[in-house]
Amino acid sequence: MERIFTSAHNMLPEVISLYLKPKYDGLAALLRREPDAQAVLKGAPGYSSIIGMTFFYQADGGVLVVAQVQGLPKSSGSCPADVFAFHIHSGRVCAGNSEDPFAEAGPHFNPSGCPHPAHAGDLPPLFGCNGYAFLAVFTNRFTVKDVIGRTVIIHRSPDDFKTQPSGDAGAKIACGVIAAGTAKS
Ligand SMILES: [Cu+2]
Ligand SMILES: [Zn+2]
């Protein structure tokens, strides 16, 4: 059996059952195979240092989404936040105009007509770590098949998970189109 944790030392009794039998057994093992879909993220003009990948792995109860990004803006001062909203948008191209270079990525992916942050495409934000970010989240808001051809967007600001229609997340600073991966299915 695949185990997410490598040591049970000092583990609270309440979590030992999760260690011995994870609800979704084998999630960590997904990372050892090819993703079912992926998006290469590239920065907008003015953010050309941003480069990243988002991988999508279909599992029985949901989709494991894993993102790695480098070249994100770094703020200075004693209390840097460096939190960047992260969504799947419904548009199918990373194109736009001088005001919004990814305008054609459109609104958040929202096939059920829900408000933000109940859009299928709403995801946890990226937390910058000296310009680098790693994110892993498991969600049943969509299947991999649902989002192939849609776009992943990184924003300049955090998502407030309240303001309509998009969490007051600011400019779109990176974008990638989700393409089917090479996994045999
Ligand atoms: Cu967005
Ligand atoms: Zn949303």
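Analyst: A strand here is a DSSP run of E at least two residues long, and strands are numbered from the N terminus. The model is predicted. F161 lies in the loop between strands β8 and β9.

User: Why is F161 called buried, exposed or partly exposed?

Analyst: Count the C-beta neighbours. F161 has 15 inside 10 Å. Buried needs 20 or more, and exposed needs 12 or fewer. The count of 15 falls in between, so F161 is partly exposed.

User: What makes N130 exposed?

Analyst: N130 has 10 C-beta neighbours inside 10 Å. The cut-off for exposed is 12 or fewer, so N130 counts as exposed. N130 is found in the loop between β6 and β7 (133-139).

User: What is notable about phi of N130?

Analyst: Phi of N130 is near 55 degrees, a positive value in a residue other than glycine. Phi of F161 is also near 55 degrees. Most residues other than glycine have a negative phi.

User: Which peptide bond involving P117 is cis?

Analyst: The bond joining H116 and P117 is cis, with omega about 5 degrees. P117 lies in the loop between β5 and β6 (126-127). The bond from Q164 to P165 is cis too, with omega near 0 degrees. P165 sits in the loop between β8 and β9.

User: What makes I154 in contact with L41?

Analyst: Contact requires C-beta atoms within 7 Å, so the pair I154 and L41 meets that limit. Beyond four places in sequence, I154 also contacts residues including V69, F84 and F86. In the largest nonpolar core, of 36 residues, I154 and L41 are among those touching the most other members. β3 gives the most to this core, with 5 residues.

Key: Residues numbered from 1 in each chain as written. Chains lettered and ligands numbered in written order. Predicted model: local features only at pLDDT ≥ 70, side-chain atom pairs only at ≥ 80, totals over all residues. Core = buried A, V, L, I, M, F, W, Y, C linked by C-beta atoms within 7 Å. Helix = DSSP H or I, 4+ residues; strand = E, 2+ residues; numbered from the N terminus. Contact = placed C-beta atoms within 7 Å.
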